[in-house]
Amino acid sequence: MTPVHFSFSSAFILGLMGLAFHRTHLLSALLCLEGMMLSLFIALALWALQFESTSFSAAPMLLLAFSACEASTGLALLVAAARTHGTDRLQNLNLLQC
């Protein structure tokens, strides 16, 4: 495994571990998701450059578009949760109380 592949895979794993173990605020969960998407985008872009094929060149842009949609949806949910519950702590968000 090259150092570049190791750095992007470790960045993805650190984002996944942060999402799994540090679940106190919704904002921290969204930041971990964005870190994971950023590492996936850079790894996919380097993969497309490595193969030098035009068929793989659209994949990073498609992933970036989905990442932007995910970020906007997450921020909308963060604002809605902060307005209704008064906080973004994940312990206070219970779907059974809706």
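**Entry 1: serine 67**

I began with the contacts of serine 67 in this predicted model. Leaving aside residues up to four places away in sequence, I found that serine 67 touches Glu34 and Met37. I located serine 67 itself in helix H3. Its relative accessible area is 9%, and because the cut-off for buried is under 20%, I entered serine 67 as buried.

**Entry 2: helix H3**

I then turned to the helix as a whole. H3 covers residues 59-85, which gives it 27 residues. From its first C-alpha to its last I read 38 Å, close to the 39 Å expected at 1.5 Å a residue. I listed the buried residues of H3 as Pro60, Leu63, Ser67, Gly74, Leu78 and Ala81. What covers these buried residues? I noted that the cover includes helix H2 (26-51). Past the end of the helix, I found that glycine 86 follows H3 and has a positive phi, near 85°.

**Entry 3: two alanines in H3**

I looked up alanine 81, which has its place in helix H3. Is alanine 81 buried or exposed? I recorded it as buried, at 9% relative accessibility. Not counting residues up to four places away in sequence, alanine 81 touches Gly86, Thr87 and Leu93. I also checked its separation from leucine 26: the two are 55 residues apart along the chain, and their C-alpha atoms are separated by 9.1 Å.

Alanine 65 is likewise found in helix H3. I entered alanine 65 as partly exposed, since its relative accessibility is 40% and that class lies between the 20% and 50% cut-offs. For alanine 65 and proline 3 I noted 62 residues of separation in sequence and 27 Å in space, C-alpha to C-alpha.

**Entry 4: cysteines**

How many disulfides does the structure hold? I found 0. I looked up cysteine 32 and recorded it as buried, at 17% relative accessibility. Cysteine 69, with a relative accessible area of 46%, I recorded as partly exposed.

**Entry 5: the annotated spans**

I consulted the UniProt record, an unreviewed entry. It places the annotation "transmembrane region" on residues 6-22, 29-49 and 61-82. I compared two of these spans with the model. Residues 6-22 are 94% helix and 0% strand, and the end C-alpha atoms of the span lie 23 Å apart. Residues 61-82 are 100% helix and 0% strand, with 31 Å between the end C-alpha atoms.

**Entry 6: the whole chain**

I closed with the chain as a whole. Its secondary structure comes to 3 helices and 0 strands, and from the N terminus on the elements run α-α-α. Why do I describe the chain as more spread out than a compact globule? Its radius of gyration is 17 Å, well over the 13 Å that the globule rule gives for 98 residues, and I therefore adopted that description. Along the principal axes, I noted that the C-alpha atoms fill a box of roughly 50 × 25 × 20 Å.

I recorded 20% of the 98 residues as buried. The accessible surface comes to about 7100 Å², and 73% of it belongs to carbon and sulfur atoms. For contacts between residues at least 6 apart in sequence, I noted that 56% join residues at least 24 apart.

Key
Residues numbered from 1 in each chain as written. Predicted model: local features only at pLDDT ≥ 70, side-chain atom pairs only at ≥ 80, totals over all residues. Heavy atoms only, no water. Helix = DSSP H or I, 4+ residues; strand = E, 2+ residues; numbered from the N terminus. Rg over C-alpha atoms; globule rule 2.2 N^0.38 Å. Buried < 20%, exposed > 50% of the residue type's maximum accessible area, 1.4 Å probe, protein only. Contact = heavy atoms within 4.5 Å. Areas by Shrake-Rupley, 256 points an atom, 1.4 Å probe, with all protein chains shown as cover. UniProt positions renumbered as here; feature names shortened; annotations may be inferred. Expected span 1.5 Å × (residues − 1). Disulfide = S-S within 2.5 Å.
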